[in-house]
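Biologist: I am new to this structure, and I would like to understand the reasons behind the words used to describe it. Could you take me through them slowly?

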Amino acid sequence: GIYIRVSTQEQAKEGYSVNEQTVKLTSYAKAQGWHIYQIYADPAFSGKDTNRPALQKLIADIKMHRIDAVLIWKFDRLSRSQKDMLTMIEDILEPNHCGLVSITERFDTSTQLGKAMTGVLAVFAQLEREQIKERMKMGKDARAKEGKYSGGAHPPYGYDYIDGELIINDFEAMTVKDIFNIALSGKSTYAITNCLQEKGYKTRNGRWGETTVRRILSNKTYIGFVRYRDEWFPGL
C-alpha cells in the first residue's frame, strides 16, 4: 500500500506534490518487484493527527490483512507526531504483520534493523511525552502563583469552571452561604446536614452528607485562596 500526504503549504514550499510522490513511490515498488494493492492519498491534509480519510482507509485495509507493507516518501508523510507514529507501528502495523518502508530515510520495519529503530522511536516518543508533562506542570505552577485556579473541570461546589477561571454559580452559592450562616449560629455539621435535607437542597450527586458539609466549611477557596499540589496560594 502506497501512502501519500502533502499539505498545500508544503507543496508550495518544498515542491513534492502528490503526483511526484506517486511517480517515485510507484517506481520504487516496481523496482523491488512488489505488487501495488492501492495508492492512498491525502492531499491538503496536515500531519498533526490521524484524522485523514485515506489514512483511515489504509488502517482498515491493514487490519483486514490486505497489505504486507506500507510504502511512504518520508516518515512525516505518515505523521508529524512521534506518539502517533509509534502507535501506528506498535498497535496497527506489527500486530498485523505489516512492514513500513520510507524510501528517503532508508527505513524498513520488516528488517531486524528497522525493528530496532522502533525502539529508538519509542525513546523519543517517551521523551516528548515527559516534556509535555513537564511543561504542563510548569504552566500549572505559574497559574497557581498568579492566583489562578488549576483544579480542572471539577470546581468546588458554588463555582463553575469557565475559560480557565472560577466563576460563581449563583444557584449553588445560595446553598454555600446557608451552610456558613448556619455554622456561624453554632450548629453542628450534623444539624447543618439535616437542615439542608429538610429544605430539599441537593448536591451535584444527590443528598447532602456530613462529610460534604465539613469539606465545604474547611475549604479555603471560599475565603479567596486557590489550591495546587497541596499548597494554598492567594487567589484572584
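Modeller: Let us start with a term: a polar contact is a pair of N or O atoms within 3.5 Å, and within protein one of them must be able to donate a hydrogen and the other to accept it. Please keep in mind that this is a predicted model.

Biologist: What does the side chain of Thr203 reach, and what makes that a polar contact?

Modeller: The side chain of Thr203 reaches the backbone nitrogen of Asn205 at 3.1 Å, and because the limit is a pair of N or O atoms within 3.5 Å, this pair counts as a polar contact. Thr203 itself is placed in the loop between H8 and helix H9, which spans 210-217.

Biologist: How do you know whether Thr203 is buried or exposed?

Modeller: Its relative accessibility is 16%, and because buried means under 20%, Thr203 counts as buried. Leaving aside residues up to four places away in sequence, Thr203 touches Tyr157, Trp208 and Thr212.

Biologist: What of Thr193: where does it lie, and is it buried or exposed?

Modeller: Thr193 lies in helix H8, and its relative accessibility of 5% is under the 20% limit, so Thr193 is called buried as well. The side chain of Thr193 reaches the backbone oxygen of Thr189 at 2.7 Å, which is within 3.5 Å and therefore a polar contact. Not counting residues up to four places away in sequence, Thr193 touches Trp208, Gly209, Glu210 and Val213.

Biologist: Why are H8 and H9 called roughly perpendicular?

Modeller: The two helices pack at an angle of about 110°, with their axes 9 Å apart, and because angles of 65 to 115 degrees count as roughly perpendicular, H8 and H9 receive that name. H8 passes H9 in a right-handed crossing. On the H8 side the contact is made by Thr189, Tyr190, Ile192, Thr193 and Leu196, and on the H9 side by Glu210, Val213, Arg214 and Leu217. These residues divide into five nonpolar, two polar and two charged.

Biologist: Why, then, is H7 called oblique to H8?

Modeller: Helix H7, residues 170-184, and helix H8, residues 189-198, pack at an angle of about 140°, their axes being 10 Å apart. An angle over 145 degrees would count as roughly antiparallel and one of 65 to 115 as roughly perpendicular, so an angle of about 140° falls among the rest, and H7 is oblique to H8. Their crossing is right-handed. In this contact Thr175, Ile179, Ile182 and Ala183 of H7 meet Ile192, Cys195 and Leu196 of H8, and the residues divide into six nonpolar, one polar and no charged.

Biologist: What makes phi of His97 worth pointing out?

Modeller: Most residues other than glycine have a negative phi. Phi of His97, however, is near 55°, a positive value in a residue other than glycine. His97 is in the loop between helix H5 (82-93) and strand E4 (99-102), and because its relative accessible area of 70% is over 50%, His97 is exposed.

Biologist: And what can be said of phi in Arg229, and is Arg229 buried or exposed?

Modeller: Arg229 has a positive phi of about 55° although it is not a glycine, and it lies in the loop between strand E8 (225-228) and strand E9 (231-234). At 54% relative accessibility, which is over the 50% limit, Arg229 therefore counts as exposed.

Notes:
Residues numbered from 1 in each chain as written. Predicted model: local features only at pLDDT ≥ 70, side-chain atom pairs only at ≥ 80, totals over all residues. Heavy atoms only, no water. Axes fitted to C-alpha atoms, helices over the stretch in contact; angles between N-to-C directions. Helix = DSSP H or I, 4+ residues; strand = E, 2+ residues; numbered from the N terminus. Parallel < 35°, antiparallel > 145°, perpendicular 65-115°, else oblique. Left-handed = near helix turned anticlockwise from the far one by under 90°. Contact = heavy atoms within 4.5 Å. Nonpolar A, V, L, I, M, F, W, Y, C, P; charged D, E, K, R; others polar. Buried < 20%, exposed > 50% of the residue type's maximum accessible area, 1.4 Å probe, protein only.
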